[in-house]
Amino acid sequence: MSEFLVNLLGERLVNGEKAELDVHALGSKLSLLGLYFGCSLNGPCKQFNASLCEFYSKFKKSSEHKDKLEIVFISSDQDQKQWQDFLQEMQWPALPFKDRHKKMKLWNKYKVTSIPSLVFVDAATGKVVCRNGLLVVRDDPKGLEFPWGPKPFAEVVDGPLLRNNRQTTDSSALEGSYVGVYFSAHWCPPCRSLTRVLVESYRKVKESGHKFEIVFVSADRSEESFTQYFSEMPWLAVPYTDEARRSRLNRLYGIQGIPTLILLDTEGHMITRQGRVEILNDPDCRLFPWHPRPVLELSESNAVQLHEGPCLVLFVDAEEEGELEPAKELIQPIAEKIMAKYKAKEEETPLLFFVAGEDDMSDSLRDYTNLPEAAPLLTILDMSARAKYVKDVEEITPAVVEQFVSDFLAEKLKPEPI
């Protein structure tokens, strides 16, 4: 286990006393690692830090599992003194301030999109146990549910569900159906826009004969707002008053922002977290139940995924949608191989794959990342790290793509700044 942790965190951590800690010394009993992503200048981080300190102190003093948990702070601070001052408030170690490369790798590996964020991972494998540790700290202050691992959807959603005519149905009615778990709120404009599209998609899928249901999990700020918003929806909802169940569902899927639409198969297993993108990209619902596709055509609706981790983008000289097919066919076998490899390890794929033609979206992306005008042009863009990798060759072949991807994953490529 210690060798894995060294690979994940490096050999040395530091604490608020400026002392170094050997990662091997984290303890043989350690089974769960909390990765705490934050910044000293962020108000919500400072607020959460106080709650986490209280939680951690109680856990280490009274829990029978006290030796099985450790937390490591991964900072996005730019000023070393501010970082050091913040670290002195903590009882747990941190990645060294200068280890920016390791920090960025962890941000990408665990798909962190906002701070504060607390991700609990298995200390032996690095697999995510719980993506939304902020809710653990809030909902289980005594640590009684340790190690906070995922439970089946049917167990977490268990209980009465509402219809907008105020009638209720038991969650067992979802059995055998594809399910969309919809995290949304009336105060959020993108949520309201998506809801209008989703109502039509829901109707089309149901009319096509598929067993499909949606469960609304509200993030509204009052029951009145919830009731008003839910009146526009033809599906089911977790009662607003059942805050504990709403929180457990947020925790189960590690919700970091709304709107989020999680799609589940008939057994309750996740198909994709990107339901929002799939719905917007497929208004006729021809691709239902929207299993992840290895290669996407870059569009305004899916461009948000460029910010969720490293993405390979193959730019080609094509103005019409159909002209992108040869480019997709070129990189699809490599994308499929990567997806299958990481799915077998029960890990998220470390790289998304796109093709882009000649349109305003592609032009904007080229301008923003300062890419050359060449086509074809093979790139890997890592927006969160503000880094790019460019392969500008006359001919893009499967072998060229495969080597480029292999070198990137092996960290053999030198990044250029975006």
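I looked at helix 12 and found Asp 360 and Asp 367 exposed, meaning over 50% relative accessible area (1.4 Å probe, protein chains only). Helices here are DSSP runs of H or I with at least four residues, strands are E runs of at least two, and both are numbered from the N terminus.

A note to self: this is a predicted model, where local features need pLDDT of at least 70, side-chain atom pairs count only at pLDDT 80 or more, and totals for chains, interfaces and linings use all residues. Residues are numbered from 1 along each chain as its sequence is written, and side-chain values use heavy atoms, with hydrogens and water left out.

**The other side of helix 12**

Which residues of helix 12 are buried? I found Ser 362, Leu 365, Arg 366 and Thr 369, where buried means under 20% relative accessible area. They sit on the same side of helix 12 because they cover an arc of only 100° around the axis, taken from the directions from the helix axis to the C-beta atoms. These buried residues pack against strand 15 (311–315), strand 16 (352–356), strand 17 (377–382) and strand 18 (387–391). Just after helix 12 comes Asn 370, and its phi is positive, near 55°.

**The cores**

Next I looked up the largest nonpolar core, which has 28 residues. Such a core is a set of buried Ala, Val, Leu, Ile, Met, Phe, Trp, Tyr and Cys residues joined through side-chain atoms within 4.5 Å. Tyr 36, Leu 52, Phe 73, Trp 92, Phe 120 and Trp 148 touch the most other members. Helix 2 gives the most to this core, with seven residues. I also noted a second, separate core of 25 residues, including Ile 214 and Phe 226. A handy rule to remember: in soluble globular proteins, nonpolar side chains tend to be buried together.

I then followed Trp 148, leaving aside its neighbours within four places in sequence. Among its contacts (heavy atoms within 4.5 Å) are Leu 32, Phe 55, Phe 120 and Arg 251.

**Empty spaces**

How many cavities of 30 Å³ or more does the structure hold? I found one. On a 1 Å grid over the protein atoms alone, a cavity is a set of points where a 1.4 Å probe fits but cannot get out, and lining residues have an atom within 4 Å of a point. The largest cavity has about 40 Å³ of space, a volume being the space filled by probe spheres set on the points, which are joined across faces, edges and corners. Its lining includes Trp 107, Lys 111, His 307 and Ser 384.

Definitions and conventions. 1 Å grid on protein atoms, 1.4 Å probe; cavity = no way out; pocket = protein on both sides within 12 Å on 5 of 7 lines; lining within 4 Å.
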